[in-house]
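Student: Hey, got a minute to go through this one with me? I'd like to start with a loop and work outwards.

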Amino acid sequence: MSKPINDRKVAIIGCGFVGSSSAFALMQGGLFSEIVLVDVDRNRAEGEALDISHGMPFAHPCKIYAGDYNDIDDAAIIVITAGANQKPGETRLDLVQKNVAIFKTIIPQISERNYQGIILVVSNPVDILTYVTLKLSGMPATRVLGSGTVLDSARFKYILGEHLSVDPRNVHARIVGEHGDSEVAVWSTANISGIPIHDFCELRGHYDHEAAMKRIAEDVKNSAYEIIEKKHATYYGIAMTVKRICEAIARDEKTIIPVSNYQNGEYGLDDVVLSMPAIVGRGGVEYKVPAPFNAQELAQLHESAKTMKEVIETLDL
Ligand SMILES: NC(=O)c1ccc[n+]([C@@H]2O[C@H](COP(=O)([O-])OP(=O)(O)OC[C@H]3O[C@@H](n4cnc5c(N)ncnc54)[C@H](O)[C@@H]3O)[C@@H](O)[C@H]2O)c1
C-alpha cells in the first residue's frame with residue numbers, strides 16, 4: 001500500500017551545500033507547506049532544518065524538519081542531492097562509482113514504499129544517476145527526471161544576456177545533451193525575443209559570431225569548474241534550478257525545460273538519459289518536445305549519448 005501524495009510536500013535527500021540551498025530556496029518560494037530533510041548525517045539535517053526555519057517569519061509558513069524514509073513517501077517530489085561533489089580538477093563523470101553506490105542504498109528505500117510521486121535527481125553525474133534511479137526503482141520514465149541542463153541553460157542565458165546587454169529572460173536558448181563536458185549549445189534556434197541570435201548580436205555591435213559562439217559555449221561548459229576552483233562547490237544556481245523545476249511540477253505549469261529524461265528512440269537516441277526539452281507538469285515529463293536541431297548539433301548530441309552509454313556499460317545495475 002502506498003500513501004496518498006501530499007501535493008504541498010517536498011522531500012530532499014542529502015542536505016549538503018546543494019540540498020540545504022535548495023531547501024532554503026524552496027522555503028522562500030512558498031510552494032510547499034512541508035519540507036522534510038533526510039541525510040545520513042542526521043545532525044546535519046536537523047541543523048539545516050532549524051536554521052532554515054528561523055527565516056520563515058520573513059517568508060511563508062512551512063514545516064521544515066529532519067526525517068527518515070518513512071516521512072517521505074507521501075511527498076509530491078523527492079529531490080536527491082546526496083553524494084560526493086566534484087573536487088577541483090574532477091569531472092562529473094569521475095563521481096560515478098561513488099555516487100552509484102550511494103544511490104543503491106537510497107533508491108530501494110523509496111521503491112519498497114511503492115512511491116507514487118516524482119523523483120528529481122540532482123546529484124552528479126546527473127544524467128547517469130537519473131538512468132540508475134529509473135532502472136533501480138522500476139518507476140515509469142515520466143516520473144523520474146534529472147535537473148540536467150536546466151542549470152546550464154540558465155548559465156547560457158545569463159552569459160548571453162551579459163554579452164548583449166539584455167535581460168537574460170529575453171534570451172531563448174538552451175543547452176541539451178549531457179550536463180557535463182559533452183553538452184551541446186543549440187545555436188541554430190537561439191533568439192532574443194524572436195530575433196535570430198546573429199541578427200541581434202549585430203544590432204548590439206557584435207559581428208565576430210564564430211569566436212563569440214565558441215567563447216560563450218566554453219564559458220557555460222566551464223562555469224562549474226571555475227566556481228569549484230574558487231569556492232569548492234556550486235549551490236546557489238542549482239538551488240534556483242531545483243526551485244524552478246519543482247514549481248513547474250507542483251503548479252502543473254506544462255513548462256518546456258531541458259530536464260534529464262529517458263530517450264526511447266527520439267532523435268535516434270535509445271536507452272539513455274539525456275537533457276532534452278520536455279513539457280514538465282504534475283505528471284513529471286509529460287511530453288517530449290521534438291525540438292529542431294541542425295546536422296552539427298545532432299551529431300554532437302549523438303556523441304554526448306555515446307559518452308553516456310559508455311559510462312552506463314561500466315555499471316553493475
Ligand atoms: N545537477 C547539478 O547541476 C549539480 C550542481 C551542483 C552540485 N551537484 C551535485 O550535487 C551533489 C551534492 O553536492 P554538495 O555540494 O551538496 O555535496 P555535499 O558533500 O555538501 O553534500 C552531500 C550530502 O549528501 C549526504 N549523503 C551522503 N550519502 C548519503 C546517503 N546515502 N543518504 C543521504 N544523504 C547522504 C552527505 O551526508 C552530505 O550531507 C554532488 O553530486 C554534486 O556534484 C549537482
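Tutor: Sure. Start at Pro125, which sits in the loop between β5 and α4. Keep in mind that this is a predicted model.

Student: What kind of peptide bond joins Asn124 and Pro125?

Tutor: A cis one, with omega at about -5°.

Student: OK, and α4 comes after that loop. How do the axes of α3 and α4 cross?

Tutor: At roughly 35°, and the axes come within 9 Å. Here α3 covers residues 96-111 and α4 covers residues 126-137. The crossing is right-handed.

Student: Which residues in α3 and α4 meet?

Tutor: On the α3 side they include Val96, Val100, Phe103 and Ile107. On the α4 side, Ile128, Leu129, Val132 and Leu136 are among them. By class, the residues of that contact are ten nonpolar, four polar and one charged.

Student: Switching topic: what about phi at Asn114?

Tutor: Asn114 has a positive phi, near 55°, and it is not a glycine. You'll find Asn114 in the loop between α3 and β5.

Student: Is Asn114 buried or exposed?

Tutor: Exposed, because just 11 other C-beta atoms lie within 10 Å of Asn114, and 12 or fewer counts as exposed.

Student: And where does Asp271 lie?

Tutor: In strand β12, residues 270-275. Asp271 also has a positive phi, about 50°, without being a glycine. Asp271 has 14 C-beta neighbours inside 10 Å, so it counts as partly exposed.

Student: Let's zoom out. How is the chain divided?

Tutor: Into domain 1 (6-146) and domain 2 (149-314). Their C-alpha centres lie 22 Å apart. The contact takes 36 residues from domain 1 and 33 from domain 2.

Student: Which element gives the most to the side of domain 1 that touches domain 2?

Tutor: That's α1, with eight residues. Other elements supplying at least two residues each include β1 (6-13), β4 (75-80) and α4. By class, that side of domain 1 has 23 nonpolar, nine polar and four charged residues.

Student: Last one: which residues touch the most other members of the largest nonpolar core?

Tutor: Val10 and Ile35, in a core of 92 residues. Helix α8 (residues 236-250) provides the largest share of this core, eight residues. Both domains take part, with at least three residues from each.

Student: What does Val10 touch, leaving out residues up to four places away in sequence?

Tutor: Leu26, Phe32, Ile35, Ala75, Ala76, Ile77, Val79 and Cys246.

Technical notes:
Residues are numbered from 1 along each chain as its sequence is written. This is a predicted model: local features need pLDDT of at least 70, side-chain atom pairs count only at pLDDT 80 or more; totals for chains, interfaces and linings use all residues. A nonpolar core is a set of buried Ala, Val, Leu, Ile, Met, Phe, Trp, Tyr and Cys residues joined through C-beta atoms within 7 Å. A residue is buried if 20 or more other C-beta atoms lie within 10 Å of its own, exposed if 12 or fewer, and partly exposed in between; C-beta atoms are placed from the backbone. Helices (H or I, at least four residues) and strands (E, at least two) are DSSP runs, numbered from the N terminus. Domain bounds come from an automatic or database domain assignment. Two residues are in contact if their C-beta atoms, placed from the backbone, lie within 7 Å. Axes are lines fitted to C-alpha atoms, for helices over the stretch in contact, and angles run from 0 to 180 degrees between N-to-C directions. A crossing is left-handed if the near helix is turned anticlockwise from the far one by less than a right angle, and right-handed if clockwise. Ala, Val, Leu, Ile, Met, Phe, Trp, Tyr, Cys and Pro count as nonpolar, Asp, Glu, Lys and Arg as charged, and the others, Gly among them, as polar.
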